Amino acid sequence: MKWKQEAIGSLRNNGWTVEGLPNQQAVLPPGLALRYPDLPCEFEQFVTDLSCCVGPGEATWLLCPTDYRGETQSAFAWNEFELMSLEAAGGDSTLCRSIRTFWSEHLPITLSVGAEYAYCAIRVTEPGFGTIVSGHEPEFEDATVQANTFREFVSRLASAPLLR
């Protein structure tokens, strides 16, 4: 995939550390596939052979299969911001249901822990399947569209920060 190699090159040229898996593809964990059965092919093709994709300063990273499996040294789970929102909801069942619905429709793909906690996620339901949204604390679920496709997202991520 020429676009993928170009995107990885652009990320590296802009200070990102991108490491691949030698001669293999990582499988996204089965639990992720159960919650998110339909993922855009471009996303899966891009991340399944990466072990690391970290931005300059190491405060922003693209989630890779090892992140989704919990096999990294990161203090942040791939769904950390959903967990934070649920904790902040304090047992309010209506609010918890709304939070779970949002995160079931949006798979986090990038986390940032710089000046504030922020993320980018890919929408996995219609309308807007495949669009990339971003949000930040304190209202993580108040998201705005950043890109129409994963390919556009990666291109923009390499050239300018999408997360504050």
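This note sets out numbered remarks on the fold, the surface and selected residues of a predicted model.

1. Secondary structure. The chain contains seven helices and seven strands. Their order along the sequence is α-β-α-α-β-β-α-α-α-β-β-β-β-α. The pattern thus begins and ends with a helix, and a run of four strands precedes the final helix.

2. Overall dimensions. The radius of gyration of the chain is 15 Å; since a compact globule of 164 residues would have a value near 15 Å, the two agree. Along the principal axes, the C-alpha atoms occupy a box of roughly 45 × 35 × 35 Å.

3. Burial and contacts. Of the 164 residues in the chain, 46% are buried. When contacts between residues at least 6 apart in sequence are considered, 56% of them link residues at least 24 apart.

4. Surface and charge. The chain has an accessible surface of about 8400 Å², and carbon and sulfur atoms account for 50% of this area. The chain carries 11 positive and 21 negative charges. The mean position of the positive charges lies 5 Å from that of the negative charges.

5. Helix H5 and its surroundings. Helix H5 spans residues 80–88, and its buried residues are Glu-80, Phe-81, Glu-82, Ser-85 and Leu-86. These buried residues pack against two helices, H2 (30–35) and H6 (93–105), and against two strands, S4 (106–113) and S5 (117–123). Just after H5, Gly-90 adopts a positive phi of about 60°.

6. Thr-101. This residue is located in helix H6, one of the elements against which the buried residues of H5 pack. Thr-101 counts as partly exposed because its relative accessibility is 39%, which falls between the 20% limit for buried residues and the 50% limit for exposed ones. Thr-101 is separated from Phe-150 by 49 residues in sequence, and the C-alpha to C-alpha distance between the two is 22 Å.

7. Gln-146. Strand S7 (residues 144–147) includes Gln-146. The relative accessible area of Gln-146 is 17%, so this residue is classed as buried, the cut-off being under 20%. The side chain of Gln-146 forms a polar contact of 3.4 Å with the side chain of Thr-144.

8. Points to retain. On the scale of the whole chain, the radius of gyration of 15 Å agrees with the value for a compact globule, and 46% of the residues are buried. On the local scale, Gln-146 is buried, whereas Thr-101 is partly exposed.

Definitions and conventions: Residues numbered from 1 in each chain as written. Predicted model: local features only at pLDDT ≥ 70, side-chain atom pairs only at ≥ 80, totals over all residues. Heavy atoms only, no water. Rg over C-alpha atoms; globule rule 2.2 N^0.38 Å. Buried < 20%, exposed > 50% of the residue type's maximum accessible area, 1.4 Å probe, protein only. Contact = heavy atoms within 4.5 Å. Areas by Shrake-Rupley, 256 points an atom, 1.4 Å probe, with all protein chains shown as cover. Lys, Arg positive; Asp, Glu negative; His and termini not counted. Charge placed at Lys NZ, Arg CZ, Asp CG, Glu CD. Polar contact = N/O pair within 3.5 Å; in protein donor to acceptor, adjacent residues only side chain to side chain.
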